[in-house]
Each structure stands twice: as C-alpha cells, then as structure tokens.
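Thank you all for coming; please have the picture open in front of you while I talk. I will go slowly and name each residue as we reach it.

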Amino acid sequence: QLPNALSLSRIAFIPIVAAIWLSSLPTRGALCAAIFTVGMLTDFVDGFLARKLNITSKFGAFIDPVTDKLLVCSSLVLLASTSSSLGLILCALSVVVREI
C-alpha cells in the first residue's frame, strides 16, 4: 500500500539527514531543512491517500505516528548535539521527552 510505503520512507530520511547534518557542507542546514520538509510532506500525502482511497490499515495507523516521532526526534537530537545554546538543547530535550 502506497500510504504505508510513504510512512516507512520517512525512516529512510533519518540517516540521510544525519549524514548531511554531520558533514562539513556549507549548505547542510538548508539541505537538511529541505529533506525534513519533504519527509513531513509525505506525512500529509500518506494520510490524504489513505483516506481518499479508503485504504487505511491498523499497521498504517500504528506506523505513521511512529515514523513521525522518529524523524522529528532524531532531527532535534542532531540539532541539539551540535549546539552550544543551553536554551536550544533544553527545548529539544523537552520535545523529545514529550514525544516519547
């Protein structure tokens, strides 16, 4: 099912974002933001398709929020791990703790 495949594709975005974020590319922030945005757009599309095509499933209902949390939390951990701002680190930590 396409909606489930789109949900699972968000997991594939995680190592790509991590590799780019941890690289020395001067445009790493913009690239990661673009990839993250595409990942979040798949969240909208998979939900839309599942409802529109009436192909919802228990697996899809479970995996969609899990993949969302994985992408968001991993991105926040990456952001916080390279920041020297205590405020940013605490904000990221509070969101990650809430998501778990």
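Leu8 is partly exposed, because its relative accessible area is 37%, and this residue is found in helix H1. Please keep in mind from the start that what you are looking at is a predicted model. Leu8 does not stand alone on the surface, since Leu8, Ile11, Phe59, Phe62 and Leu70 form a nonpolar patch there, and together these residues have about 450 Å² of accessible area. Which helices supply at least two residues each to the nonpolar patch? They are helix H1, which runs from 2 to 21, and helix H3, which runs from 58 to 81, and H3 gives the most, with three residues.

While we are on helix H3, let me point out Ala61, which lies in that helix and is exposed, with a relative accessible area of 57%. If you measure in your viewer from the C-alpha of Ala61 to the C-alpha of Ala50, you should find 9.9 Å in space, for two residues that are 11 apart in sequence.

Let me step back for a moment to the whole chain. There are four helices and zero strands in the chain, and reading along the sequence gives the pattern α-α-α-α. The C-alpha atoms fill a box of roughly 45 × 30 × 15 Å, taken along the principal axes. Of the 100 residues in the chain, 33% are buried.

Now to the interior. Which residues make up the largest nonpolar core? There are 10 of them, namely Phe13, Ile14, Val17, Ala18, Ile20, Trp21, Cys32, Ile35, Leu71 and Leu78. H1, H2 and H3 are the elements that give two or more residues to this core, and H1 gives the most, with six residues. Trp21, one of the core residues, also has a charged neighbour, for Arg28 lies over the face of Trp21, at 4.4 Å from the ring centre.

Next come the charged residues. As a reminder, side chains of opposite charge can pair when their charged atoms come close. How many salt bridges does a search of the whole structure find? The search finds six, and I would like to go through three of them with you.

In one of them, Arg10 pairs with Asp43, and the closest N and O atoms are 3.6 Å apart. Arg10 lies in helix H1 and Asp43 in helix H2, which covers residues 28-52, so this pair ties together parts that are 33 residues apart in sequence. Is Arg10 buried or exposed? Arg10 counts as buried, because its relative accessibility is 0%, whereas Asp43 is partly exposed, with a relative accessible area of 22%.

Arg10 also takes part in a salt bridge with Asp64, where the closest N and O atoms are 2.6 Å apart. Here again distant parts of the chain are linked, with Asp64 in helix H3 and Arg10 in helix H1, 54 residues apart. Both partners, Asp64 and Arg10, are buried. If you now look around Arg10, you can trace a network of salt bridges that links Arg10, Asp43, Asp46, Asp64 and Asp68.

Another salt bridge joins Arg98 and Glu99, with the closest N and O atoms 2.8 Å apart. Its two partners sit in contrasting surroundings: Arg98 counts as exposed, because its relative accessibility is 63%, while Glu99 counts as buried, because its relative accessibility is 16%.

Finally, let us turn to the aromatic rings, where the count comes to one aromatic pair. Phe44 and Phe48 form this pair, which is stacked, with 6.1 Å from centre to centre and 20° between the planes. Why are Phe44 and Phe48 separated by about one helical turn? The reason is that they are four residues apart in helix H2. As for the surface, Phe44 is exposed, with a relative accessible area of 56%, and Phe48 is partly exposed, with a relative accessible area of 41%.

If you would like to go over one place again afterwards, I suggest Arg10, where you can find both the salt bridge with Asp43 and the salt bridge with Asp64.

Definitions and conventions: Residues numbered from 1 in each chain as written. Predicted model: local features only at pLDDT ≥ 70, side-chain atom pairs only at ≥ 80, totals over all residues. Heavy atoms only, no water. Patch = residues over 30% accessible without salt bridge, like charges linked within 9 Å, V, L, I, M, F, W, Y side chains within 5 Å. Areas by Shrake-Rupley, 256 points an atom, 1.4 Å probe, with all protein chains shown as cover. Salt bridge = Lys/Arg side-chain N within 4 Å of Asp/Glu carboxyl O. Buried < 20%, exposed > 50% of the residue type's maximum accessible area, 1.4 Å probe, protein only. Phe/Tyr/Trp six-rings, centres within 6.5 Å; stacked < 30°, edge-to-face > 60°. Lys NZ or Arg CZ within 6 Å of the ring centre and 35° of its normal. Core = buried A, V, L, I, M, F, W, Y, C linked by side-chain atoms within 4.5 Å.
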